[in-house]
Protein chains: 2
Amino acid sequence: MAKAPARPAARRSGPVTIADVAAAAGVSKQTVSNVMNYPEKVREQTRERVRRAVAELGFQPNRLARALRSSSAGMIACRIEPVSSHSLAHLHDVFLHALAEAGQAAGRHLMLFAADDAESEAATCVRLVRTGSVEGVVLYNVVPDDPRPAVLLDAGVPFACFGRFSGAADATGWVDVDNAAGVAAVVEHLAEGGHDRIGFLGFPDGHRVGDDRAHGWVTAMDRQGLLAGSHRLDVRGEDTWTSGARLARDLLDRPGAPTALVAASDTLAAGALQAVRDLGLVPGRDVALVGYDDTPSAEVLDLSSVRQPIPEVGRRIVEALCGEDGAVAALLPPELVVRGSSRRRS
Amino acid sequence: MAKAPARPAARRSGPVTIADVAAAAGVSKQTVSNVMNYPEKVREQTRERVRRAVAELGFQPNRLARALRSSSAGMIACRIEPVSSHSLAHLHDVFLHALAEAGQAAGRHLMLFAADDAESEAATCVRLVRTGSVEGVVLYNVVPDDPRPAVLLDAGVPFACFGRFSGAADATGWVDVDNAAGVAAVVEHLAEGGHDRIGFLGFPDGHRVGDDRAHGWVTAMDRQGLLAGSHRLDVRGEDTWTSGARLARDLLDRPGAPTALVAASDTLAAGALQAVRDLGLVPGRDVALVGYDDTPSAEVLDLSSVRQPIPEVGRRIVEALCGEDGAVAALLPPELVVRGSSRRRS
DNA sequence: CAGCCGGATTTTATCGTTCAACTCGGAGCG
DNA sequence: CGCTCCGAGTTGAACGATAAAATCCGGCTG
């Protein structure tokens, strides 16, 4: 509970500038600047003297002046989307946090802006770069036919994407999580646990993420030789709790019902969990269940889930935007978090 | 699907500066500056000429230079908290969005930063202001014995709070939502609907928001003359779905069970909703149910809920931070959103 | 006709920092 | 001895804008 440290900072009128430090240390402004930015360029003795003055006055270089002179804003921008769906909003939040943290580690600050749609988002990005406010922007939830990358490329605005756009294959500056691999890992986990009838609860066709996850189910089921009799175990519905409950009930009521369910979201899985209980079955014993996105609810519900490496995504994106070598493009593997709902029965 | 507009902007090397515009329009830099900032100071004819040049070159004033010279950063900062609890994370997200939007309306940008705890948050705030990066900071979820306001006051950092701190009564720069009034409104709504045994599902004691909401229940029940036999209808548990289900079941199993339930969160209410259904009762017909925070799930579940006026909170906070008259302190009333789960039976 | 007023515009100074060029003194070398 | 070269700092300009003061000029007044 340390009290505020001694504060002899307020000796002059305004905030402390580099000139004050220079005067106090008896050197030129440039030398102070060098001590801050290229310490090896200054003789040890001088360096110490300057450092003492800096500490004593509590000098902190003005970011605006520095940015203006070196014409690098030290900031990146990302749109904050209005909250709509439950799970997506959560992921967005986590992503922004990761971005802020990764940016800080790289000496970049994060600026947030609101926009009504993709077009005005792109326009704002262009304006932010043109006004020198930020040195690059981050696009969240990029889809194959996304209009944003083209606009930014055309305007020469540096950007990095969470998600892939058409033509991204040979481009850099994107990071994505391998949804298919995530679901495939779940299927393999369940197959290892002895399940051979594994159902899939997905989003309606046409949703990029949903399609990827569905694809992962098909691929892995095929690889495990389980696809033959399971075609009809792939069901779809919108991403809500009630939808999940309904889909699960439908599947479990059938003859040849699955003994395990993979859901494309924790929301669907939470609904399914309730459906399982309603049927008098015990999750994890009678029916294995795995969700996706590892939301806080998954932990509470003791629900296995697939965790996207969002902090790593943030780091990669910042690197793509600010790193030396612009050659960054990555498809990251998600991680399966096994909990009670799918633990192998001992 | 308009193509990118004609773009004669890239005639010089770097970005367009005010000097380029001045040259193109045949006036001095200052005149261009005046056209941008004080148009009434410039003769109509000249103004038009300058405007044409601005449009033609696509000039956008450099924010950094402007900020440096006028020593106002045009930015405010707010910490982005790591996601933990479900409902709070959602509110945080909504709040940040509101803040970004309100800031934009006031010509301020929003900067986000991550911090490990309240102390490092406060330290970061001080640093951000000292480096001229932002002109003020926003504190989210401020509680009575919060350590942050004191630090910032001491350092002379301009700030505004969402929430009240001790001593806030006679201070300005805070905005809060009247939790007690929100729950009271719910109780009144239910009483009007003919209910006289109204239960309360709350958070454990000691949680500021939870206590306020509990207080609202007591006050309103008393005012309606319903408190006498209802003391034991006030139950508490942690803010989870399962907890909500359990609490509701307990209440509804009792002799003299309530016919209506008010929950301190949508999460609790969602659990309660399920418990009601499990008992073979119909929500809204047999038992009225109201949640809090009006999360997306509330709409999906057709659950009445109390909506906090977060956009208004954002506007007020920005006004408190950037407005002319610093005299802003407001306790805003939340709004009851009535849905099927508590609609008066016709 | 001199003097002054006031609107319109230009000129000069400045914000706080970094870049580029320069000074200064001593060492190394032919 | 004269030359370059190098480390250690200093000086002046520049980044792109705005604030404050100076200038210009036609019209009004006495």
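Let us start in chain B of this predicted model, where four strands form an open sheet in the order β7-β6-β8-β9, with parallel pairing. Its edge strands are β7 (234-236) and β9 (288-290) of chain B, each of which pairs on one side only. From one strand to the next, the twist averages 20 degrees. If you would like a place to look closely, take β6 (residues 198-202) of chain B: three bridges join β6(B) to β7(B), and the two run parallel. Within that pairing, Leu201(B) stands opposite Val235(B) in β7(B).

Helices cover this sheet. Helix α9 (residues 208-223) of chain B lies across β6, β7 and β8 (260-263) of chain B, and α9(B) runs at about 170 degrees to β6(B). Another helix, α11(B), lies across β6, β8 and β9 of chain B, running at about 160 degrees to β9(B).

Staying with α11(B), we can turn to a helix that packs against it. α10(B) and α11 (residues 266-278) of chain B pack at an angle of about 50 degrees, with their axes 6 Å apart. That angle makes α10(B) oblique to α11(B), and the crossing is right-handed. On the α10(B) side the residues that meet α11(B) include Trp241(B), Gly244(B), Ala248(B) and Leu252(B), while those on the α11(B) side include Leu268(B), Gly271(B), Ala272(B) and Ala275(B). By class, this contact has 10 nonpolar, six polar and one charged residues.

α10(B) also leads us to the other chain. In all, 45 residues of chain B are in contact with 43 residues of chain A. The elements that give two or more residues to chain B's side are α4 (63-70), α5 (86-105), β2 (109-113), α6 (118-130), α10 (241-253) and α12 (296-300) of chain B. Which of these gives the largest share? It is α5(B), with 10 residues. By class, the side of chain B that touches chain A has 23 nonpolar, 16 polar and six charged residues.

Now follow β2(B) across to chain A. Three bridges join β2 (residues 109-113) of chain A to β2(B), and these strands run antiparallel. Here Leu112(A) stands opposite Leu110(B). This pairing sits within an open sheet of 12 strands, whose order is β11(A)-β5(A)-β4(A)-β3(A)-β1(A)-β2(A)-β2(B)-β1(B)-β3(B)-β4(B)-β5(B)-β11(B), with mixed pairing. At the edges stand β11 (329-332) of chain A and β11 (329-332) of chain B, each with a single partner strand, so one side of each is left without a neighbour in the sheet. The twist in this sheet averages 20 degrees from one strand to the next. At the chain A edge, β5 (residues 174-177) of chain A and β11(A) pair in the parallel sense over four bridges, and the bridge partner of Val177(A) is Leu332(A).

Chain A also offers a helix pair to visit. The axes of α1 (residues 18-25) and α3 (residues 44-57) of chain A come within 9 Å and cross at roughly 125 degrees. That makes α1(A) oblique to α3(A), and their crossing is right-handed. Asp20(A), Val21(A), Ala24(A) and Ala25(A) in α1(A) meet Arg49(A), Val50(A), Ala53(A), Val54(A) and Leu57(A) in α3(A). By class, the contact has seven nonpolar, no polar and two charged residues.

Finally, a word on confidence. The mean pLDDT of chain A is 90, and 93% of its residues reach 70 or more. Over residues 1-12 of chain A, however, the pLDDT is below 50, and beyond near neighbours in sequence this stretch has six contacts in the model. Where pLDDT is low, the predicted coordinates should not be read in detail.

Technical notes
Residues numbered from 1 in each chain as written. Chains lettered and ligands numbered in written order. Predicted model: local features only at pLDDT ≥ 70, side-chain atom pairs only at ≥ 80, totals over all residues. Contact = placed C-beta atoms within 7 Å. Nonpolar A, V, L, I, M, F, W, Y, C, P; charged D, E, K, R; others polar. Pairing = 2+ DSSP bridges. Axes fitted to C-alpha atoms, helices over the stretch in contact; angles between N-to-C directions. Parallel < 35°, antiparallel > 145°, perpendicular 65-115°, else oblique. Left-handed = near helix turned anticlockwise from the far one by under 90°. pLDDT = per-residue confidence, 0-100.
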